[in-house]
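Here are some short exercises to work through with the structure open beside you. Try each task before you read the solution below it.

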Amino acid sequence: MQQWSTAVSEEQSTLSRHGTLLTTNATVGRNAAELKKILGNSNARLKPGANVLPSQHPAGYGPVEGTSFEQAKPRARVEVDILPESNVLVQGGFFNGVVKIRIRPRTRKESAILVSSGKIRIVGFESIQNESHRYTFFQQSALLSTLTKSLDQIYTSPADEEGFREPKEGVHVLPFSMLLPLQAEVGAPKGVITPHAGASLRYIAMFSVKVRERETDRRSIAHFYRDCEVWPRHNPASVLAPTPCPVRSSTEKALFLGGSGKVSLTASLHRLNWVAGQFCYVEAEVKNQSKKNVKSLTLSLIRSTIVFKPESHLDIDGPRSNYDIDADACQTSTVRKQVAETTLEMGEGVARGHASAKGWWTGVHSGETAKFSHFLLLPSSALSVSRERFLEVEYSIRVSVNAGPLSSDIHVSLPINIINFLAVDPPPSYP
C-alpha cells in the first residue's frame, strides 16, 4: 500500500514536469487554450501531430518537454474510451461506467511503452460566440486506481518512480465508480443550457492515460471524452421555502379615456425559487379608480441572457499576454426573449335565470378592488445561471392588466430564480 501511495504522488508531480491537459488555477486565456486543445475541432477531431499546450517548469526554468496527443498520431499505440451508465449526473451521487484501454501490439521498430494508471475528469465550461470563448467553471477528477479494483490485471510490471507500468497488449475493460461530492475540487455545477444567443453551458466526462516510450522517453497523452450533464443538489425544504416577505412590485397609471382616476396593480410571489416545468402562481391585486373595466391579466416569462465578451482594449492596465485576461475588461450585451405566456380573460357575470356563467374571473369593474391569482407554466428547459465569467441568465415575470384594445397595459415585473427538477429530486445513484 505504501509503495502504491508513493507511485501516485510521483505521478502527480510528473504532471507539472511534462504538461497536463488542464492546469489547476490557470488564467482565463490559458484555460480556454487548453480546452481548445483537448476538445478538438467542431467534429471533435484533433489536428495531426497536435501537442498538449506547453507549460512552465515549476521552478521557472523555462518550458517543459513537449507532450503529444496519442490520438493525433497516424497510428496510436494507446487508445482509450469512456462509457457512462448515464449521461445525467447530480452532485452527491455516483458517476458509474466503464473505461476501455486498447494497447496496440508494437512493431519491431517501435519502442516498448509504459502507461500511468489514468485519470477520469468531469469538466463543465461556459462558452459564448459559438464556443469561440470558453471558460471552465467546474472540475472534478480522480485517479482510475482509486475508482476500480481491476487495474492491476492490465499490467505486467510494478510501478517505477514516476508511477508508469508496462501494460499487456490487447483491449482492457475496467468498471469504475466515482463519487461526485457536494463540494467539488473546482467550482460548482450549474446545470445545462442549450445554445441560445450564442451562449451555452456544457459538460464532458473524460478519461486520459499518460504514455511514455521506454527507450526514447517520449511522452504523450491518450484521452477521450463524451458529453454529459451535471446538476447541483438542492435541499427542497430550504430552496422551495417561502421567503420571509413576498416578492412584490406595484405601480399605478391612468387609462386612456378612463377619466381622472388611476388603476393600481400589485403583484407578488410567495417565494423566489421555482422549478422548471411547474406552475408558478402569481398573486395580483387591482384597484380600479378609472371609468373603464379591467378585462384581462397576462403573465409573461422573460429570459435575459447577458454575455460578457472579453475585450483587451478595455483593459486599463494595458495589453497583457494571451493567457492573462482581465475579467472586467469586457463588452456586455443583453438579449431578452419572451419564452412563455398565459392570459386570463374576463368571463361573464351573473345573468338572470342562469345558475352559472362562462369563466371564473369577471374582471375588475370601475370603482372595485379585487385580489386574485393566476399561474404560468414554466418551460422545462428554463434555468437561471449566475455569472461565472462570460455568461449570466436571469428570468422575470411580467404581470400586466388591460382594459381593452384602445388602452395601454399596466405592468410590473417580478424577479424569479428557476432551478431544475433534477436538483431537488435526483435519480437513484449507487456505487
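**Exercise 1.** In which strand does arginine 219 lie? Then decide whether arginine 219 is buried or exposed, and find a side chain that makes a polar contact with it.

*Solution.* Please keep in mind throughout that this is a predicted model.
- Step 1: Arginine 219 belongs to strand 12, which covers residues 219-231.
- Step 2: The relative accessible area of arginine 219 is 8%. The cut-off for buried is under 20%, so arginine 219 is buried.
- Step 3: The side chain of arginine 219 has a polar contact of 3.3 Å with the side chain of aspartate 217.

**Exercise 2.** Take stock of the whole chain: how many helices and strands are there, and what share of the residues is buried?

*Solution.*
- Step 1: Counting elements gives four helices and 21 strands.
- Step 2: Of the 431 residues in the chain, 48% are buried.
- Step 3: Now turn to the surface. The accessible surface is about 21,900 Å², and carbon and sulfur atoms account for 51% of that area.
- Step 4: Finally, look at contacts between residues at least 6 apart in sequence: 72% of these join residues at least 24 apart.

**Exercise 3.** Describe the surroundings of glutamate 34, starting from its helix.

*Solution.*
- Step 1: Glutamate 34 is found in helix 2, residues 28-39.
- Step 2: Its relative accessibility is 1%, so glutamate 34 counts as buried.
- Step 3: Leaving out residues up to four places away in sequence, glutamate 34 touches Thr20, Leu21, Leu22, Thr23 and Leu53.
- Step 4: Pick leucine 22 from that list. Glutamate 34 and leucine 22 are twelve residues apart in sequence, and their C-alpha atoms are 6.1 Å apart in space.

**Exercise 4.** Trace the open sheet of four strands: what is the strand order, and which strands stand at the edges?

*Solution.*
- Step 1: The order is 13-14-16-19, with antiparallel pairing.
- Step 2: At the edges stand strand 13 (247-254) and strand 19 (369-377). Each has a single partner strand, so one side of each lacks a neighbour in the sheet.
- Step 3: From one strand to the next, the twist averages 20 degrees.
- Step 4: Zoom in on strand 16 (residues 279-288), which is joined to strand 19 by nine bridges. Here cysteine 280 is opposite leucine 376 of strand 19.

**Exercise 5.** Now do the same for the open sheet of five strands: what is its order, and how do strand 15 and strand 21 pair?

*Solution.*
- Step 1: The strands follow the order 15-21-20-17-18, and the pairing is mixed.
- Step 2: Strand 15 (273-275) and strand 18 (330-345) are the edge strands, each pairing on one side only.
- Step 3: The twist from one strand to the next averages 35 degrees.
- Step 4: Strand 15 pairs with strand 21 (residues 410-419) in the parallel sense, over three bridges. Valine 275 has isoleucine 419 in strand 21 as its bridge partner.

**Exercise 6.** Which residues does serine 300 touch, not counting residues up to four places away in sequence?

*Solution.*
- Step 1: Locate serine 300 in strand 17, residues 296-310.
- Step 2: Serine 300 has 4% relative accessibility and therefore counts as buried.
- Step 3: The residues touched are Gln338, Ala340, Glu341, Leu376, Ser396, Ile397 and Arg398.
- Step 4: With glutamate 341, the side chain of serine 300 makes a polar contact of 3.2 Å, side chain to side chain.

Methods. Residues are numbered from 1 along each chain as its sequence is written. This is a predicted model: local features need pLDDT of at least 70, side-chain atom pairs count only at pLDDT 80 or more; totals for chains, interfaces and linings use all residues. Side-chain values use heavy atoms; hydrogens and water are left out. Two strands pair if DSSP finds at least two bridges between them. Helices (H or I, at least four residues) and strands (E, at least two) are DSSP runs, numbered from the N terminus. Axes are lines fitted to C-alpha atoms, for helices over the stretch in contact, and angles run from 0 to 180 degrees between N-to-C directions. Buried means under 20% relative accessible area, exposed over 50%, partly exposed in between (1.4 Å probe, protein chains only). Contact means heavy atoms within 4.5 Å. Accessible areas come from the Shrake-Rupley method with a 1.4 Å probe; for residues, only the protein chains shown count as cover. A polar contact is a pair of N or O atoms within 3.5 Å; within protein, one must be able to donate a hydrogen and the other to accept it, and residues adjacent in sequence count only if both atoms are side-chain atoms.
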